[in-house]
Amino acid sequence: MDQTQKLMNLIGLAMRAGKIITGEELVLKALIAGKLKLVFIASDAGSATTKKLNDKTTYYHVPIHDQLSTEQLTKAIGRPRKIIGINDAGFAKGMVKLM
């Protein structure tokens, strides 16, 4: 199993554990509140959205990962999403290792 598949499996596990926030507005609110440890944005997300999230994550010192496509993120959590926030330090640490 390759690293990408392991990462997707870990995202799915975090989803089932309730450690994920999805959608642009909710992720931005959680980011500003200091609740997120890691943010995923789809590689095929819009440029304005990507820039906004890159700026916010840089400002709040939260790592961002943009190598997975919308299709891969959707497959990982079972819902169509372009933006996913991880609010658990343990899951985030494991995911950063796989990146």
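This is a short guided tour of one protein chain, stop by stop, with something to select at each stop. Keep in mind that the model is predicted.

**Stop 1: the whole chain**

Start with everything shown as a cartoon. You should find five helices and four strands. Trace the chain along its sequence and the elements come in the pattern α-β-α-β-α-β-α-β-α.

Now turn the model around. The C-alpha trace spans about 35 × 25 × 20 Å along its principal axes. A compact globule of 99 residues would have a radius of gyration near 13 Å, and the chain, with 12 Å, agrees with that.

Next, switch on the surface. The accessible surface comes to about 5500 Å², and 53% of it belongs to carbon and sulfur atoms. Of the 99 residues, 40% count as buried. Among contacts between residues at least 6 apart in sequence, 79% join residues at least 24 apart.

If you like, color by charge before moving on. The chain has 15 positive and 8 negative charges, and their mean positions are 8 Å apart.

**Stop 2: G85, inside a strand**

Select G85, which sits in strand β4, residues 83-86. Is G85 buried or exposed? Its relative accessibility is 0%, so G85 counts as buried.

Show what surrounds G85. Leaving out residues up to four places away in sequence, G85 touches K19, I20, I21, V27, L36, L38 and V39. For a distance to try in your viewer, pick the C-alpha atoms of G85 and T49: they are separated by 14 Å, and the two residues are 36 apart along the chain.

**Stop 3: two salt bridges**

Side chains of opposite charge can pair when their charged atoms come close. How many salt bridges does a search of the whole structure find? The search finds two.

For one of them, select E24 and K52, whose closest N and O atoms are 2.8 Å apart. E24 lies in helix α2 (residues 24-32) and K52 in helix α3 (residues 47-59), so this pair ties together parts that are 28 residues apart in sequence. Both partners are partly exposed: E24 has a relative accessible area of 25%, and K52 is at 36%.

For the other, select D55 and K51, which meet at 2.7 Å, N to O. Here both residues lie in helix α3, four residues apart, or about one turn of the helix. D55 is partly exposed, with a relative accessible area of 41%.

**Stop 4: H61, on a loop**

Move on to H61, in the loop between α3 and β3. Most residues other than glycine have a negative phi. What is the phi of H61? It is positive, about 55°, although H61 is not a glycine. With the surface on, look for H61 there too: at 72% relative accessibility, H61 counts as exposed.

**Stop 5: H65, another histidine**

Finally, select H65 in strand β3, which covers residues 64-65. H65 has a relative accessible area of 10%, under the 20% cut-off, so H65 is buried.

Which residues does H65 touch, not counting those up to four places away in sequence? They are L7, V39, F40, I41 and M99. Keep V39 selected for a last look: V39 is on the contact list of H65, and V39 is also one of the residues that G85 touches. That brings you back to strand β4, where G85 is found.

How values were computed
Residues are numbered from 1 along each chain as its sequence is written. This is a predicted model: local features need pLDDT of at least 70, side-chain atom pairs count only at pLDDT 80 or more; totals for chains, interfaces and linings use all residues. Side-chain values use heavy atoms; hydrogens and water are left out. Helices (H or I, at least four residues) and strands (E, at least two) are DSSP runs, numbered from the N terminus. The radius of gyration is taken over C-alpha atoms; the globule rule is 2.2 Å times the number of residues to the power 0.38. Buried means under 20% relative accessible area, exposed over 50%, partly exposed in between (1.4 Å probe, protein chains only). Contact means heavy atoms within 4.5 Å. Accessible areas come from the Shrake-Rupley method with a 1.4 Å probe; for residues, only the protein chains shown count as cover. Lys and Arg count as positive and Asp and Glu as negative; His and the chain ends are not counted. The place of a charge is taken as NZ of Lys, CZ of Arg, CG of Asp or CD of Glu. A salt bridge is a side-chain nitrogen of Lys or Arg within 4 Å of a carboxyl oxygen of Asp or Glu.
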